[in-house]
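Hi,

Here is the structure I said I would pass on. Have a look at it first, and then read on for what turned up.

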Amino acid sequence: RGQAHMALHQIQEALSQVRDLQRIVLQKQLFKGYSGRVRILVGTLALLAAAIMASEYFPRTTTSHIYGWGTVFTIGLLWNYGALFYWAVTKQRSKIQLSPVLDAFPSLFVGGVLTLTAIQIGQTDLLFGIWMCLFGLTCLATRHTFPRSYWTVGIFYITCGTGYLLSANPSFLNPWPMGLVFFVGEWWGGLIFHLSNKAQPAREAPHER
């Protein structure tokens with residue numbers, strides 16, 4: 001019985017060491033190039049843009065709203081990839097370590113094609129739902145190299161996008177659905193990134209001493 005108990009203890013200890021090693025490896029593989037604070041800023045920008053476009057002073061035309069959301073997208077892109085470029089330069093990251101960025105491109109490309117198609121055929125009322133769903137797919141495509149809970153952001157966007165597309169009277173000239181969904185989604189994702197990046201050095205500190 002003593003030998004069996006000792007063997008069982010050794011097996012449990014070995015399994016525990018394997019789990020710890022797996023956790024360390026997964027933590028090393030996490031991609032930390034995206035800034036949680038920037039995503040929060042972009043979410044706030046989307047809500048602010050919705051408030052501006054919903055005001056009586058903003059032209060209530062499809063073209064004006066396309067330019068408005070195009071401006072938000074451009075600013076968000078510059079902020080996010082500007083922060084990513086700064087991180088890559090200061091941390092001297094390799095192209096392989098930046099590969100998660102490339103995982104997002106297929107969904108973004110398809111989103112761009114669908115956007116142009118919807119505009120050309122006059123179906124702009126579907127754009128918000130398309131953007132939400134495609135952004136959710138982008139989140140899910142990159143979830144393996146991001147914090148574990150990040151997949152919930154993708155599900156949130158896809159759920160909201162699906163609900164919007166199936167709603168009775170979606171309207172591109174009502175900016176609030178877009179502004180509110182992206183405000184919540186970007187704050188949600190931004191907090192996940194921020195808390196993960198903040199906690200990571202604390203977990204690694206004992207190993208560095």
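Below are my notes, starting with the overall layout and then moving to the helix contacts and the core.

First, keep in mind that this is a predicted model. The protein chain has 8 helices and 0 strands, so reading along the sequence gives you α-α-α-α-α-α-α-α. Of its 209 residues, 35% are buried. If you take the contacts with a separation of 6 or more, 77% of them join residues 24 or more positions apart.

Now for H6 (residues 127-141), which is a good place to start, as it has contacts with both H5 and H7.

Take H5 (residues 105-120) to begin with. Its axis and that of H6 come within 9 Å and cross at roughly 170 degrees. Angles over 145 degrees count as roughly antiparallel, and H5 and H6 are therefore roughly antiparallel to each other. On the H5 side, the residues that meet H6 include Leu108, Val110, Gly111, Leu114 and Thr115. Their partners in H6 include Leu127, Ile130, Trp131 and Leu134. Sorted by class, this contact of H5 with H6 has 10 nonpolar, 4 polar and no charged residues.

On to H7 (residues 151-165). Here the axes of H6 and H7 are 7 Å apart, at an angle of about 160 degrees, which makes this pair roughly antiparallel too. The crossing of H6 and H7 is left-handed. Among the H6 residues that take part are Phe128, Gly129, Met132, Cys133 and Phe135, and H7 brings, among others, Trp151, Gly154, Tyr157, Ile158 and Gly161. The contact of H6 with H7 divides into 16 nonpolar, 5 polar and no charged residues.

So where does the largest nonpolar core get its residues from? The elements that give it two or more residues are H2 (36-54), H3 (62-91), H6, H7 and H8 (176-208). H6 supplies the largest share, 7 residues. The core has 27 residues, and those touching the most other members are Trp69, Phe128, Trp131, Tyr157 and Phe182.

One of these deserves a click in the viewer: Trp131. Which residues does Trp131 touch, leaving aside those up to four places away in sequence? They are Trp69, Thr115, Phe172, Met178 and Phe182. Two of the names there, Trp69 and Phe182, also appear in the list of core residues that touch the most other members.

Over to you, and happy browsing!

Methods: Residues numbered from 1 in each chain as written. Predicted model: local features only at pLDDT ≥ 70, side-chain atom pairs only at ≥ 80, totals over all residues. Heavy atoms only, no water. Axes fitted to C-alpha atoms, helices over the stretch in contact; angles between N-to-C directions. Helix = DSSP H or I, 4+ residues; strand = E, 2+ residues; numbered from the N terminus. Parallel < 35°, antiparallel > 145°, perpendicular 65-115°, else oblique. Contact = heavy atoms within 4.5 Å. Nonpolar A, V, L, I, M, F, W, Y, C, P; charged D, E, K, R; others polar. Left-handed = near helix turned anticlockwise from the far one by under 90°. Core = buried A, V, L, I, M, F, W, Y, C linked by side-chain atoms within 4.5 Å. Buried < 20%, exposed > 50% of the residue type's maximum accessible area, 1.4 Å probe, protein only.
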